[in-house]
Amino acid sequence: MTQISFPLNKADEALDQFLNDGDRERNGRRVTRIVLDGDDQDCLAVILDPAEHQELVEAHAAFQRSQEPQHAADLPAGFRPYIHSPNATGDRLLPTEPLREPLAHAMYGKPHSKLTEDEKATIIGVSINILLRVTLDEDTQGAVPILMVSHAKDDPEPRQFWQLAYKTDTDGLFLRADGNGFFGAEWQIVTGSGLKLLSGWFTREDAGLAAAAIGRVLPYIDWMSATSEDFTDASKKALAATVRRYHFAGLREDQSEPEPLATT
């Protein structure tokens, strides 16, 4: 979105240009005008094309709807590791180790290292039972914990840690929100291997449609182990074509549906 800035003493000029000059975006909308304060620092007003304003209002409303609980009648409330854990692979289930020490003291009154083999087996059984019954995501929005690489730009090393992300229709692809829900809020598509695949969608629904399309177009990729090195030139082009159609601002009917790639 092209923006032209004006100092406060030229606010009337900004409005006049917006209404009367011929500047247009590629989509035919009027170019946005920004009115700054007396120090030309802070934004005091934004003059938007009506269609642009409506999109922002709808994006904000969609973000708010995405925060409402979504109950699924065929699943128990909240996150259940034995049902929802990504691919149920051993290294991605919630670990039992953190529970062993406190349970050893609670059940036997001694450190875990002092337990007999039978007592340790009992502790493991109780830990698994606890994990099978644990409930996260109590508002049932569909969030699950996945082990991901840190995406913080100032992180000095590639650490991995547990983060919550939303499930999608493609195994191994998840959604995370970044921003405050208005003016700059974005939805990201991340992989179960911790790769931040793409970012920029305005709504969770559009990001979910893109994730489903990516799964169809690149069916051979294991998103639970994928790295940046797994993308060939062909898969990169197919990914770009998918995003052009399932765009950040919504489905683009003028773009053709990408064909699935049969091989890498």
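**Close-up views of a predicted model**

**Figure 1. The lining of the largest cavity, sorted by residue class.** Sorted by class, 3 nonpolar, 2 polar and 1 charged residues line the largest cavity. Please keep in mind that this is a predicted model. The residues around this space are Asp206, Leu209, Tyr246, His247, Gly250 and Leu251. Asp206 is the charged member of the lining, because Asp belongs to the charged class. Leu209, Tyr246 and Leu251 make up the nonpolar part, since Leu and Tyr count as nonpolar. That leaves His247 and Gly250 as the polar residues, because residues outside the nonpolar and charged lists, Gly among them, count as polar.

**Figure 2. The same cavity, seen by secondary structure and volume.** Helix H6 (204-217), strand S9 (246-247) and strand S10 (250-251) each contribute at least two residues to the lining of the largest cavity. The volume of this cavity is about 30 Å³. Counting cavities of 30 Å³ or more gives 1. If you are wondering how such a space is found, rolling a probe the size of a water molecule over the atoms shows where empty space is left.

**Figure 3. Arg33 and its surroundings.** Arg33 belongs to strand S2 (residues 32-36). Its relative accessibility is 0%, under the 20% cut-off, so Arg33 counts as buried. Which partners does the side chain of Arg33 reach? The side chain of Gln17 makes a polar contact with the Arg33 side chain at 3.2 Å, and the backbone oxygen of Val31 lies 3.0 Å from the Arg33 side chain. With neighbours within four places in sequence left aside, the contacts of Arg33 include Ile4, Phe6, Ala14, Phe18, Asp21 and Asp23. Also among them are Ala45, Val46 and Ile47.

**Figure 4. Leu44 in strand S3.** Leu44 sits in strand S3, which covers residues 43-47. Without counting residues up to four places away in sequence, Leu44 touches Leu8, Val35, Leu36 and Asp37. From Leu44 to Ile34, the C-alpha to C-alpha distance is 7.7 Å, with their positions 10 residues apart in sequence.

**Figure 5. Two tilted aromatic pairs.** The model has 3 aromatic pairs. In one of them, Tyr166 and Trp187 are tilted, with 5.6 Å from centre to centre and 55° between the planes. Because Tyr166 is in strand S5 (residues 160-167) and Trp187 in strand S7 (residues 186-191), this pair ties together parts that are 21 residues apart in sequence. Are Tyr166 and Trp187 buried or exposed? Both Tyr166 and Trp187 are buried. Trp223 and Phe231 form another tilted aromatic pair, at 6.0 Å centre to centre and 40° between the planes. Trp223 and Phe231 are both buried as well.

**Figure 6. Phe174 in strand S6.** Phe174 is part of strand S6 (residues 173-178). With a relative accessibility of 5%, which is under 20%, Phe174 counts as buried. How far apart in space are Phe174 and Thr191? Their C-alpha atoms are 6.1 Å apart, while the two residues are 17 positions apart in sequence.

**Figure 7. The whole protein, as a backdrop for the close-ups.** The protein has 7 helices and 10 strands. Of its 264 residues, 38% are buried. Among contacts with a separation of 6 or more, 51% are between residues 24 or more positions apart.

Conventions
Residues are numbered from 1 along each chain as its sequence is written. This is a predicted model: local features need pLDDT of at least 70, side-chain atom pairs count only at pLDDT 80 or more; totals for chains, interfaces and linings use all residues. Side-chain values use heavy atoms; hydrogens and water are left out. On a 1 Å grid over the protein atoms alone, a cavity is a set of points where a 1.4 Å probe fits but cannot get out, and a pocket is an open set with protein on both sides within 12 Å along at least five of seven lines; lining residues have an atom within 4 Å of a point. Grid points are joined across faces, edges and corners, and a volume is the space filled by probe spheres set on the points. Helices (H or I, at least four residues) and strands (E, at least two) are DSSP runs, numbered from the N terminus. Buried means under 20% relative accessible area, exposed over 50%, partly exposed in between (1.4 Å probe, protein chains only). A polar contact is a pair of N or O atoms within 3.5 Å; within protein, one must be able to donate a hydrogen and the other to accept it, and residues adjacent in sequence count only if both atoms are side-chain atoms. Contact means heavy atoms within 4.5 Å. Rings of Phe, Tyr and Trp (its six-membered ring) pair if their centres lie within 6.5 Å; planes under 30 degrees apart count as stacked, over 60 as edge-to-face and the rest as tilted.
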